[in-house]
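Student: Got a minute to go over a structure with me? I'd like to talk through its pockets and cavities.
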Amino acid sequence: MAGVDYFSKIGTIKYEGAASRNPLAWKYYNPDEVVLGRPMKEWLRFTICYWHTWRGTGADMFGGPTRQWPWEQGANPMDVAKQRVRVCFDFMEKLGVDFFTFHDTDIAPEGATLEEFHKNLDEVVAEVKVQMKRTGKKLLWGTANLFSNERYMNGASTNPDPHVFAYAAAQVKKALEVTHELGGQNYVLWGGREGYTTLLNTNIRAELDHMAQFMKMVVEHKKKIGFTGTLLIEPKPREPSTHQYDYDAATVMGFLRTYGLEKEFKLNLEANHAALAGHTGEHEVELASAFGMLGSLDVNHGDLLLGWDTDQFPIDVKAATQIVRTIVRQKGIEPGGLNFDAKLRRESVDVEDLFIAHIVGMDTYARALRAYERMHQEKLWEARIEARYAAWSGTQLGRDITDGRMSLEKCSEYIYRNPTQPKRVSGKEEVFNGLLNSYC
């Protein structure tokens with residue numbers, strides 16, 4: 001390892017099986033074990049997020065930082081930034097994770113001007129490239145932070161001021177180029193300030209038009225520089241905006257189709273964002289996949305007793321099993337992955353807590369993959385769903401409706417000829433609940 005080994009007291013994480021009580025070992029995740037024809041690590045493509053893992057301090061809206069990591073010590077912000085990069089890759093090596101993600105401002109100090117920021121970014125990216133070459137780790141995706149700086153308080157691409165729009169565009173240009181330079185497999189846009197706090201001062205149509213124009217500029221530059229990765233939009237209904245335009249998967253898909261961008265983007269979905277929109281994570285994943293729009297996942301969960309985006313490490317095996325089912329049915333998530341957009345709790349202040357939190361999240365999805373393997377082999381789940389919809393392919397009426405041979409008039413004629421009321425057929429929700437319980 002390069003430089004100081006801040007994790008010298010922690011060995012390389014290994015698989016010990018479900019009976020292990022070692023918090024620093026996997027109980028279900030065995031990276032090279034073949035499940036459903038592929039190694040676990042290929043199905044799950046676990047990813048470390050830079051912002052929570054390395055920039056999170058334990059601060060929340062009611063209190064300041066609770067953690068002081070030893071690698072954060074230093075008078076020169078650039079030296080600290082480069083040391084942070086080395087620590088990240090050391091951590092990934094010990095944890096056995098192959099991918100990482102970042103915002104531009106996560107890895108380099110902003111400085112006083114955009115030009116200074118770009119110089120800082122180039123210097124830190126040089127260190128990232130050294131560490132990528134040393135370890136073989138890969139960039140899943142990069143993105144630009146267009147929400148933290150005060151210049152974006154009224155939005156980035158949706159800002160009433162075109163100067164701010166141009167600044168955001170310049171920032172994305174560089175972030176996209178850096179992602180390309182590092183061999184990133186995707187690029188994400190998340191519009192935390194792309195929305196409004198009140199309708200009283202907002203021109204919704206103008207803001208949406210401007211946001212669409214911004215997206216078209218991103219597509220244009222992607223093609224110009226030869227970036228072949230996937231462009232991803234991450235939905236979230238609110239926070240920090242009162243209403244965010246990329247509210248949920250359905251809203252984003254509608255936006256993309258409205259502006260002719262549906263072939264240029266896919267979705268990066270997060271379970272906690274789904275909960276804020278009144279959905280489950282599995283709903284968003286299944287909906288996006290059904291329309292060929294599922295690109296990548298930020299895996300986490302939220303606290304049902306709190307009203308904000310708590311970004312906790314995933315522990316719900318049943319929810320994860322339903323998400324894994326969708327991933328397997330679409331034959332994988334690549335070039336996307338399962339990015340731990342999750343942070344330690346404010347009260348967790350030990351270095352080993354970073355490892356344990358990720359181990360728990362990895363085991364949650366590995367256990368889900370093992371559960372779905374049994375479901376897939378027994379075929380009871382899929383058989384019951386197929387039976388529920390069998391009339392659509394197994395009757396002339398179902399085939400005629402599906403193939404577009406029916407009209408309202410023909411449907412009316414059919415019911416007149418067949419006046420008997422349709423039979424009541426149980427949805428068997430309890431059976432499906434029981435099946436899920438038996439596998440998980």
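Tutor: Sure. One convention before we start: Ala, Val, Leu, Ile, Met, Phe, Trp, Tyr, Cys and Pro count as nonpolar, Asp, Glu, Lys and Arg as charged, and the others, Gly among them, as polar. Also, this is a predicted model.

Student: OK. How do the lining residues of the largest pocket divide by that convention?
Tutor: Into 19 charged, 13 polar and twelve nonpolar.

Student: And what volume does the largest pocket have?
Tutor: About 1300 Å³.

Student: Which lining residues lie nearest its centre?
Tutor: His52, Ala59, Asp309, Asp311 and Lys343, out of 44 lining residues. Helix 2 (50–55), helix 4 (104–107) and strand 5 (138–143) are the elements that give two or more residues to that lining.

Student: Which element gives the largest share?
Tutor: Helix 2, with three residues.

Student: Switching to cavities. How many are there of 30 Å³ or more?
Tutor: Five. The largest holds about 200 Å³ of space.

Student: What lines the largest cavity?
Tutor: There are 23 lining residues, and Leu189, Trp190, Gly191, Glu194 and Met215 lie nearest the centre. Strand 6 (186–189), helix 7 (204–225) and helix 8 (249–258) each give two or more residues. By class, the lining has 15 nonpolar, five polar and three charged residues.

Student: How much space lies in the second largest cavity?
Tutor: About 50 Å³. Its lining includes His52, Arg67, Trp69, Phe313, Lys343 and His358. Helix 2 and helix 12 (351–378) supply at least two lining residues each. The split is five nonpolar, four polar and two charged.

Student: So His52 turns up again?
Tutor: Yes. His52 is among the residues nearest the centre of the largest pocket, and His52 also lines the second largest cavity. Lys343 is in both lists too.

Student: Now the surface. Which residues make the nonpolar patch?
Tutor: Met61, Phe62, Leu305, Leu306 and Trp308, covering about 610 Å².

Student: Where does Leu306 sit?
Tutor: In the loop between strand 11 (294–298) and helix 11 (317–329).

Student: Why does Leu306 count as partly exposed?
Tutor: Because its relative accessibility is 36%, and partly exposed runs between 20% and 50%.

Student: Last one: Ala274. Buried or exposed?
Tutor: Buried, because its relative accessible area is 2% and the cut-off for buried is under 20%. Ala274 belongs to helix 9 (residues 271–276).

Student: How far is Ala274 from Pro65?
Tutor: Their C-alpha atoms are separated by 28 Å, and the two residues are 209 residues apart along the chain.

Terms used:
Residues are numbered from 1 along each chain as its sequence is written. This is a predicted model: local features need pLDDT of at least 70, side-chain atom pairs count only at pLDDT 80 or more; totals for chains, interfaces and linings use all residues. Side-chain values use heavy atoms; hydrogens and water are left out. On a 1 Å grid over the protein atoms alone, a cavity is a set of points where a 1.4 Å probe fits but cannot get out, and a pocket is an open set with protein on both sides within 12 Å along at least five of seven lines; lining residues have an atom within 4 Å of a point. Grid points are joined across faces, edges and corners, and a volume is the space filled by probe spheres set on the points. Helices (H or I, at least four residues) and strands (E, at least two) are DSSP runs, numbered from the N terminus. Patches are made of residues with over 30% relative accessible area and no salt bridge: like charges are joined within 9 Å, nonpolar side chains (Val, Leu, Ile, Met, Phe, Trp, Tyr) within 5 Å. Accessible areas come from the Shrake-Rupley method with a 1.4 Å probe; for residues, only the protein chains shown count as cover. A salt bridge is a side-chain nitrogen of Lys or Arg within 4 Å of a carboxyl oxygen of Asp or Glu. Buried means under 20% relative accessible area, exposed over 50%, partly exposed in between (1.4 Å probe, protein chains only).
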